Amino acid sequence: MSAFNAIGDEREIDRDEYTPGVEPQPTWCPGCGDFGVLKALKQALPEVGKTPEEVLTVTGIGCSGKLNSYLDTYGFHTIHGRSLPVARAAKLANPDLEVVAAGGDGDGYGIGGNHFIHSARENHDMTYIVFNNEIFGLTKGQTSPTSPKGHKSKTQPSGSAKTPLRPLSMSLNAGASYVARTAAVNPNQAKEIIKEAIEHDGFAHIDFLTQCPTWNKDARQYVPYVDVQESDDYDFDVHDRTEAAEMMRETEDVLNEGTVLTGRYYVEEDRPSYTQEKQAVGEMPDQPLAERYFDDDAEWERSYDLLDRHK
Amino acid sequence: MSDDELIWRIAGGSGDGIDSTSQNFAKALMRSGLNVFTHRHYPSRIRGGHTYVEIRAAEHEVQSRGDGYNFLLALGDSFARNPQEEAYYGNEEIKPLSENLDELREGGVIIYDEGLVSEDDVEALNLEERAEENDWHVFPLDLRGLAKEHGREVMRNTAGVGATAALLDMDLEHIEDLMADAMGGDVLEANLDILHEAYEDVNEEYEFEHDLRVPTGEHETEQALLSGSNAIAYGAIDAGCRFIAGYPMTPWTDVFTILSQNFPDMGGISEQVEDEIAAAALAVGASHAGVKAMSGSSGGGFALMSEPLGLAEMTETPLVLVESMRAGPSTGMPTKPEQADLEHVLYTSQGDSQRVVFAPGNIEEAYEQTRIAFDIAWDYQIPVMLIYDQKLSGENKNVDIEFFDREPSPDLGSTLTEEELKEAAHDNSGKFKRFNYETAEDGVAPRSLPGQKNGRYLATGNEHSPVGHISEDPDNRVAQMDRRLEKLEAIRTELDEERDSTQTYFGEEDAEYGIITWGSSQGAVEEAIARLNADGHSVRGLSVSDMMPFPEQEVTEFLESVDEAMVVEMNASAQFRGLLQKELGRFGEKLTSLLKYNGNPFEPAEIVEGYEVNVAEEEREPTAQVRIEPAAGD
């Protein structure tokens with residue numbers, strides 16, 4: 001018998017269950033793209049049959065980090081850049097949990113960049129949503145890792161001398177097995193991509209363009225956008241790493257020229273998740289470790305039985 | 001110094017097998033019925049560089065390295081830098097012999113490998129003259145040649161052990177058994193040949209004029225030889241810890257390795273990750289999801305853990321972190337012990353510290369306090385740290401195996417089941433009041449785990465309301481902060497009233513003079529006090545383990561009972577004395593410090609000398625490389 005009966009609970013789920021009674025209204029600015037992520041998640045989770053208490057939403061710091069204040073799942077609002085290592089371990093401890101990690105572009109691609117690379121490399125079975133508004137919002141508008149070259153802010157008064165980081169290419173090269181970009185202004189696509197990401201057995205990275213009407217107002221609203229799967233202008237195979245890489249590069253290049261390309265970029269279905277890899281080498285139990293602590297019949301090994309090597 | 005003990009030092013270069021040879025020799029001595037204690041000295045280098053292991057063996061209990069030693073097996077450094085380029089490293093070939101002469105006691109025995117060390121170099125040491133002065137008995141043996149003849153050159157360690165056994169009139173039986181456990185086939189045969197040949201050669205060729213013989217003893221129960229790192233890892237296993245995340249760093253790597261090697265067979269999980277921030281964050285994540293988890297590092301890596309440590313404090317996530325100190329600052333001296341991270345561990349991370357810190361002083365305490373650490377962490381939902389050092393990490397000692405014959409304690413403490421969650425308090429929307437200060441006992445509000453029905457809440461590093469939502473309401477802030485801090489008071493009360501004291505006392509109860517120490521300097525202090533009292537002084541010792549919350553009552557009683565006290569610790573800024581004064585707010589005029597920070601642990605004689613200089617108020621400086629920091633007003 002499981003000690004975690006919210007997991008796998010088969011029942012009708014109302015989207016409103018995901019709205020917390022304590023804090024139903026987000027405090028994001030009017031017109032903020034973050035509303036788009038929240039809405040898409042609230043739609044996607046019931047559609048993939050997940051109840052609020054079998055989901056753990058782990059966030060970083062920034063406007064995006066408040067996601068789990070407004071999404072009524074189990075939540076862990078961690079520290080700046082560290083959502084992924086916390087999320088990874090929760091998944092290892094209890095692989096039956098549905099783990100969604102989220103944070104901003106500064107959080108995921110800047111301060112947490114090392115964790116992002118390694119989480120993608122290891123292919124943990126989780127969804128990682130990066131709210132990419134190309135700016136630091138909560139600290140009031142400083143240049144971020146994805147800000148375009150020449151972007152002026154209080155900390156780069158003459159304009160940024162740095163070319164922006166390429167989130168999709170970085171993700172692919174690091175080893176993510178599902179990579180997509182969507183935008184808050186494209187709610188249907190966003191919902192579908194989130195559903196795919198949750199159902200994907202591996203590290204699913206969504207670069208989610210979230211416009212910042214307060215600090216990046218002269219930049220863009222990410223309209224009009226193009227869905228690369230639906231447009232006749234683009235033709236590439238999302239299962240082909242080389243073609244995906246080329247398409248990602250183009251997408252990253254043209255964003256700075258005002259063309260917003262979105263869609264699925266890379267999907268690798270047969271790559272084993274980290275849990276499977278770890279089980280294959282015999283370094284991870286078959287049953288969720290978290291269950292064992294509630295199992296009255298569990299036999300706990302003792303150091304006393306290891307002493308032969310010391311005698 | 002006593003004559004009824006053997007202190008055998010095997011010296012060579014890193015990579016020469018000094019460690020494994022000494023381990024087996026120590027076990028052989030233990031099996032023969034002796035108490036053993038080892039001390040390891042090594043450079044931060046994989047191949048070459050002077051390294052030694054010292055094994056102290058006696059019928060009586062041994063808690064520390066001794067003063068100097070009495071038997072040297074100098075093997076030569078097979079990875080020595082070219083002696084022509086001795087500008088920086090010196091002549092490394094001769095170091096296993098030359099570097100160890102100063103500490104060799106009068107009447108001591110020396111074996112050196114004349115197959116590896118050149119005659120000219122030996123001559124340059126004036127060995128003959130010094131041997132005469134000190135009554136040393138020198139045996140130049142071609143260990144390398146003997147090893148080559150029967151097997152391979154690396155087996156010269158075995159030749160050295162055979163020669164040692166002959167010179168000590170020691171039976172080969174246990175050594176042979178241990179070899180048979182460790183190897184087989186041709187390798188075993190070659191090693192046994194070498195062992196016997198060396199033993200017989202020495203017996204045939206030499207007349208022994210020295211008095212040194214292997215002591216004899218008997219154990220009433222079966223013994224196990226293990227290190228402080230073993231003890232911490234085994235304490236964790238018995239406490240039900242099955243998750244560890246880490247990043248390699250000396251000396252912490254030992255605990256990480258031991259658990260990584262054992263966990264797969266126990267259904268546990270070990271993760272080596274990208275950095276120490278991730279390592280501690282993983283431990284937080286695993287604990288949050290319901291697993292008893294730990295992480296750890298040494299000073300530099302622990303610096304990176306400040307953030308996740310603070311997160312664990314604020315989210316009240318149970319967590320055990322170990323910090324294995326080495327000499328700092330920065331990279332410092334990576335393989336040398338020091339106790340200079342105390343303040344780092346107590347106060348790192350922003351905001352008011354809400355953590356528990358133990359500093360075990362020996363191998364048994366390391367095991368015991370690791371178990372207490374897990375109990376407290378999961379009962380009180382608080383990070384608990386174990387701070388120890390390279391010395392305790394790597395030293396081996398024999399322990400009665402029955403010490404480990406205990407029940408495991410995998411209990412998750414103040415964690416609720418789904419049944420209990422049904423009855424627990426929720427807000428109107430059904431969110432669990434995870435941080436309910438109104439019903440908390442001893443500051444503890446029971447927790448739920450993700451995936452449990454009726455348990456959802458938000459954990460956040462922000463200050464938060466009872467259901468975990470971000471809140472900057474002043475009343476809530478004060479209530480939550482006070483509740484969290486109340487846990488520390490409750491923990492202090494539990495440690496004082498419900499458990500055996502984790503502090504250790506030595507010497508006479510009504511002594512005039514006190515010596516206080518903490519952590520791994522305990523053994524040397526214990527021995528120094530025994531000697532001082534045997535010499536007619538009146539000294540009592542206290543070794544403190546609880547760094548936070550501080551055992552105010554016990555330490556106050558101790559300090560009130562003596563006229564003066566000396567605080568012994570391995571750092572340059574008297575950190576523990578500072579903590580004493582901060583916690584107690586007085587005794588500044590009673591406390592002198594004896595500090596050592598040259599990379600080597602205290603020998604008992606240095607503490608005895610420190611006492612003499614202090615108490616006699618002699619107008620002299622200590623001869624050892626230690627520093628005396630006078631009491632306030634002196």
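**Notebook: a sheet shared by chains A and B**

I began at strand 9 of chain A, which runs parallel to strand 10 (residues 260–267) of chain A and is joined to that strand by three bridges. Within this pairing I found A:Val226 opposite A:Leu261 of strand 10 of chain A. I note at the outset that the model is predicted. Its scores are ipTM 0.98 and pTM 0.97. For chain B I looked up a mean pLDDT of 94, with 98% of the residues at 70 or more.

**Entry: the whole sheet**

I then traced the strand order and obtained 9(A)-10(A)-7(A)-8(A)-4(A)-3(A)-1(A)-2(A)-15(B), an open sheet of nine strands with mixed pairing. Which strands stand at the edges? They are strand 9 (225–227) of chain A and strand 15 of chain B; each has a single partner strand, so one side of each is left without a neighbour in the sheet. From one strand to the next, the twist averages 20 degrees.

I next looked for helices on this sheet. Helix 2 of chain A packs on it and touches strand 1 (55–59), strand 2, strand 3 (98–104) and strand 4 (126–132) of chain A. The direction of helix 2 makes about 180 degrees with that of strand 3 of chain A. Helix 6 (residues 187–199) of chain A also packs on the sheet, where its contacts include strand 7 (178–183), strand 8 (203–209), strand 9 and strand 10 of chain A. Between the directions of helix 6 and strand 7 of chain A I recorded about 160 degrees.

**Entry: where the chains meet**

At the junction of the two chains in the sheet, strand 2 of chain A and strand 15 (residues 458–460) of chain B pair in the parallel sense over three bridges. Here A:Phe76 stands opposite B:Ala459.

I then considered the contact as a whole, to which chain A gives 56 residues and chain B gives 62 residues. On the side of chain A that touches chain B, strand 2 (74–77), helix 2 (83–93), helix 4 (113–122) and helix 9 (289–292) each supply at least two residues. Which element of chain A gives the most to that side? It is helix 2, with eight residues. By class, I found this side of chain A to hold 29 nonpolar, 15 polar and 12 charged residues.

Two of these contributors also pack on each other: the axes of helix 2 and helix 4 of chain A lie 8 Å apart, at an angle of about 35 degrees. Helix 2 makes this contact through A:Leu84, A:Pro85 and A:Arg88, and helix 4 through A:His115, A:Phe116 and A:Ser119. I classed three of these residues as nonpolar, two as polar and one as charged.

**Entry: strand 10 of chain B**

I turned to strand 10 (residues 293–297) of chain B and found five of its five residues buried. B:Ala293, B:Ser295 and B:Ser297 lie on one side, with B:Met294 and B:Gly296 on the other. Strand 8 (residues 243–246) of chain B pairs with strand 10 in the parallel sense over three bridges, and B:Phe243 stands opposite B:Ala293. Strand 11 (residues 319–325) of chain B likewise pairs with strand 10 in the parallel sense, over four bridges; there B:Leu321 is the bridge partner of B:Ser295.

**Entry: helix 22 of chain B**

Last, I examined helix 22 (residues 575–584) of chain B, in which B:Gln575, B:Phe576, B:Arg577, B:Leu579 and B:Leu580 are buried. Among the elements of chain B that these residues pack against are helix 15 (342–347), helix 21 (552–561) and strand 20 (564–569). After the helix comes B:Gly585, with a positive phi near 70 degrees.

How values were computed: Residues numbered from 1 in each chain as written. Chains lettered and ligands numbered in written order. Predicted model: local features only at pLDDT ≥ 70, side-chain atom pairs only at ≥ 80, totals over all residues. Contact = placed C-beta atoms within 7 Å. Nonpolar A, V, L, I, M, F, W, Y, C, P; charged D, E, K, R; others polar. Pairing = 2+ DSSP bridges. Axes fitted to C-alpha atoms, helices over the stretch in contact; angles between N-to-C directions. Buried ≥ 20, exposed ≤ 12 C-beta atoms within 10 Å, placed from the backbone. pLDDT = per-residue confidence, 0-100.
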